[in-house]
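This report describes one protein chain, working from its charged pairs to its core and surface. Please look over the sequence and the structure before reading on.

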Amino acid sequence: MPDDKAYSLAYKPGLATRYFCSKPKPTKVQTFDDLAALFKEQFAEKRFAEVGEAAREMRENVLELASPSMRQAEQLIAERVGARRIQILDGAARPPEEERAVTDILGAREIARVDLGVDLLVAQPR
């Protein structure tokens, strides 16, 4: 959607139009194939070539949507994520840039889940 407002949309399977419920207005439907092509095009962008940069950008995007209190808690969340990873890895050392990328991804996922009420899925395209 073009802004951060809440919207309700109505769909009917097989039609190429959806409607805003508050003020009926036809809009173009995006099929799965449309979205897959869009994501494929976006994954080809240079900014997604480096996982650390992509993870940082994702964390920043989630934080822009998060509440002020959650943004203030970001560092605490990152520390908790890091502590859990140390327990899971059983002390195995990872390169710092890899740890930062993982912490960015897991922290963004936690903020999205708790504050925004959405599950954040990160997939690596083949």
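## Salt bridges and packing

Arg56 and Glu60 form a salt bridge, with 2.5 Å between the closest N and O atoms. The model in which this pair appears is predicted. Both residues belong to helix α2 and sit four residues apart, about one turn of the helix. Arg56 has a second partner: Glu53, whose salt bridge with Arg56 has its closest N and O atoms 2.2 Å apart. Glu53 and Arg56 are likewise in helix α2, three residues apart, which is again about one turn of the helix.

How many salt bridges does the structure hold? There are six. Three of them are set out here.

| Salt bridge | Closest N to O distance |
|---|---|
| Glu53 – Arg56 | 2.2 Å |
| Arg56 – Glu60 | 2.5 Å |
| Asp104 – Arg59 | 2.8 Å |

The side chains along helix α2 can be sorted by exposure. Glu53 has a relative accessible area of 34%, so it counts as partly exposed. Arg56, at 27%, is partly exposed too. Glu60 falls in the partly exposed class because its relative accessibility is 34%.

Asp104 and Arg59 meet through their side chains in a salt bridge of 2.8 Å, N to O. Asp104 is in helix α5 and Arg59 is in helix α2, so this pair ties together parts that are 45 residues apart in sequence. Are these two residues buried or exposed? Asp104 counts as buried because its relative accessibility is 2%. Arg59 counts as buried as well, at 15%. Through salt bridges with shared partners, Arg59, Glu74, Arg100 and Asp104 are joined into one network.

### The nonpolar core

Which residues make up the largest nonpolar core? This core has 10 residues: Met58, Val62, Leu63, Ala66, Met70, Ile77, Val81, Ala108, Ile111 and Ala112. At least two of its residues come from each of α2 (51-65), α4 (74-89) and α5 (96-116). In soluble globular proteins, nonpolar side chains tend to be buried together.

Ala108, one of the core residues, touches Met58, Arg59, Val62 and Leu120 when residues up to four places away in sequence are left out. Met58 and Val62 are also members of the core, while Arg59 is the salt-bridge partner of Asp104.

### The surface

Leu38, Phe39 and Phe43 make a nonpolar surface patch of about 260 Å². Phe39 is found in helix α1, which covers residues 32-43. Its relative accessibility is 43%, so Phe39 counts as partly exposed. Over the whole chain, the exposed area is about 9,900 Å², and carbon and sulfur atoms supply 56% of that area.

### The chain as a whole

The secondary structure consists of five helices and three strands. Along the sequence these follow the pattern β-β-β-α-α-α-α-α. The chain has 126 residues, of which 21% are buried. Of the contacts between residues at least 6 apart in sequence, 41% join residues at least 24 apart.

Note on methods: Residues numbered from 1 in each chain as written. Predicted model: local features only at pLDDT ≥ 70, side-chain atom pairs only at ≥ 80, totals over all residues. Heavy atoms only, no water. Core = buried A, V, L, I, M, F, W, Y, C linked by side-chain atoms within 4.5 Å. Buried < 20%, exposed > 50% of the residue type's maximum accessible area, 1.4 Å probe, protein only. Contact = heavy atoms within 4.5 Å. Patch = residues over 30% accessible without salt bridge, like charges linked within 9 Å, V, L, I, M, F, W, Y side chains within 5 Å. Areas by Shrake-Rupley, 256 points an atom, 1.4 Å probe, with all protein chains shown as cover. Salt bridge = Lys/Arg side-chain N within 4 Å of Asp/Glu carboxyl O.
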